[in-house]
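Hi,

Here is the structure I promised to send over. Have a look at it first, then read on for what turned up.

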Amino acid sequence: MPQGLRQRAARLFGQWGVFFRGFLEHPKMVGSIIPSSRFTIDKMLAPVDWQQCRLFVEYGPGVGTFCYPVLERLRRDGALVVIDTNPLYIDYLRKTITDSRFHAVHGSAADVEHIVRSLGFEQADYVLSGLPFSTLPDGVGPEIAAATHRVLRPGGAFLVYQFSARARDFMAPHFARIDQGFELLNVLPCKLFWGWKD
């Protein structure tokens, strides 16, 4: 096998290995055993106004499935902040993503306001979440939805992809407009939600 192909294979299995290990260690905090498809990524990010996006936040980045596409689209003076409770994922991302716009934080999405401010920002333009809202501990889902609404700028959006519609129940008290979609070409097929802050 050629050297370049060997390196790419090692990176791929390394990433999948880290993702799978994270799932085994914390199955209720990782939404799926397989990262999201490129179809889900493209559809989820389609409504984002990248020219106006200075701060993009992601909850539960895993091994960076969305991080790379976000960084490819993000303006040069923008920032991507990812938050995860699993130190395995945060450590992996800090070692593999060297972009100066990227910040990986070990913590809870419920603390997003404090995290955003500690990094020198006031509000986020977009927040993306693949967290499994249906399996989060009692009270955590509503707390995350409320904190997300507060941290978003007016006109910003909470982007959520899920296997169940439970996340929408947590979003509804805070977001008057929630657009919905569905992506069949994903394992498993998933529901997509975009909650817009007025």
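Arg54 and Asp77 form a salt bridge, with their closest N and O atoms 2.9 Å apart. Arg54 sits in the loop between H2 and strand S1 (55-59), while Asp77 is in the loop between helix H3 (67-73) and strand S2 (79-84), so this pair ties together parts that are 23 residues apart in sequence. Neither end is hidden away: Arg54 is partly exposed at 45% relative accessibility, and Asp77 is partly exposed at 47%. Bear in mind that this is a predicted model, so please read the distances as computed ones.

Asp77 has another partner too. Its side chain meets that of Arg75 in a salt bridge, at 2.5 Å from N to O. Arg75 counts as partly exposed, with 22% relative accessibility. Taken together, Arg54, Arg75 and Asp77 are linked in a salt-bridge network.

How many salt bridges does a search of the whole structure find? The count is nine. One to look at is Lys43 with Glu183, where the closest N and O atoms are 3.1 Å apart. Lys43 belongs to helix H2 and Glu183 to strand S6 (residues 177-183), so here the pair ties together parts that are 140 residues apart in sequence. The two ends sit in different surroundings: Lys43 is partly exposed, with a relative accessible area of 34%, whereas Glu183 is buried, at 7%.

Helix H2 (residues 38-45) also holds Phe39. That residue is partly exposed, at 33% relative accessibility, and joins Phe182, Leu184 and Leu185 in a nonpolar patch on the surface. The accessible area of the four together is about 400 Å².

Now for the overall layout. The chain has seven helices and seven strands, and from the N terminus on, the order is α-α-β-α-β-α-β-α-β-α-β-α-β-β. Of its 198 residues, 49% are buried. Looking at contacts between residues at least 6 apart in sequence, 66% join residues at least 24 apart. The chain exposes about 9,800 Å², and carbon and sulfur atoms supply 56% of that.

Two spots on the inside are worth opening in your viewer. The first is Ser129, in strand S4 (residues 124-129). Is Ser129 buried or exposed? At 0% relative accessibility, Ser129 counts as buried. Leaving aside residues up to four places away in sequence, Ser129 touches Tyr59, Phe158, Leu159, Val160 and Tyr161.

The other is helix H4 (residues 87-96), where Leu88, Tyr89, Ile90, Tyr92 and Leu93 are buried. At the start of H4, a side-chain oxygen of Asn86 comes to within 2.9 Å of the backbone nitrogen of Leu88.

Last, the cysteines, in case you were wondering about disulfides. A disulfide is a covalent bond between the sulfur atoms of two cysteines. With a cut-off of 2.5 Å between cysteine sulfur atoms, the count comes to zero disulfides. Cys67 is buried, with a relative accessible area of 0%, and Cys190 is buried as well, at 1%.

Shout if anything is unclear.

Cheers

Key: Residues are numbered from 1 along each chain as its sequence is written. This is a predicted model: local features need pLDDT of at least 70, side-chain atom pairs count only at pLDDT 80 or more; totals for chains, interfaces and linings use all residues. Side-chain values use heavy atoms; hydrogens and water are left out. Buried means under 20% relative accessible area, exposed over 50%, partly exposed in between (1.4 Å probe, protein chains only). Helices (H or I, at least four residues) and strands (E, at least two) are DSSP runs, numbered from the N terminus. A polar contact is a pair of N or O atoms within 3.5 Å; within protein, one must be able to donate a hydrogen and the other to accept it, and residues adjacent in sequence count only if both atoms are side-chain atoms. Patches are made of residues with over 30% relative accessible area and no salt bridge: like charges are joined within 9 Å, nonpolar side chains (Val, Leu, Ile, Met, Phe, Trp, Tyr) within 5 Å. Accessible areas come from the Shrake-Rupley method with a 1.4 Å probe; for residues, only the protein chains shown count as cover. Contact means heavy atoms within 4.5 Å.
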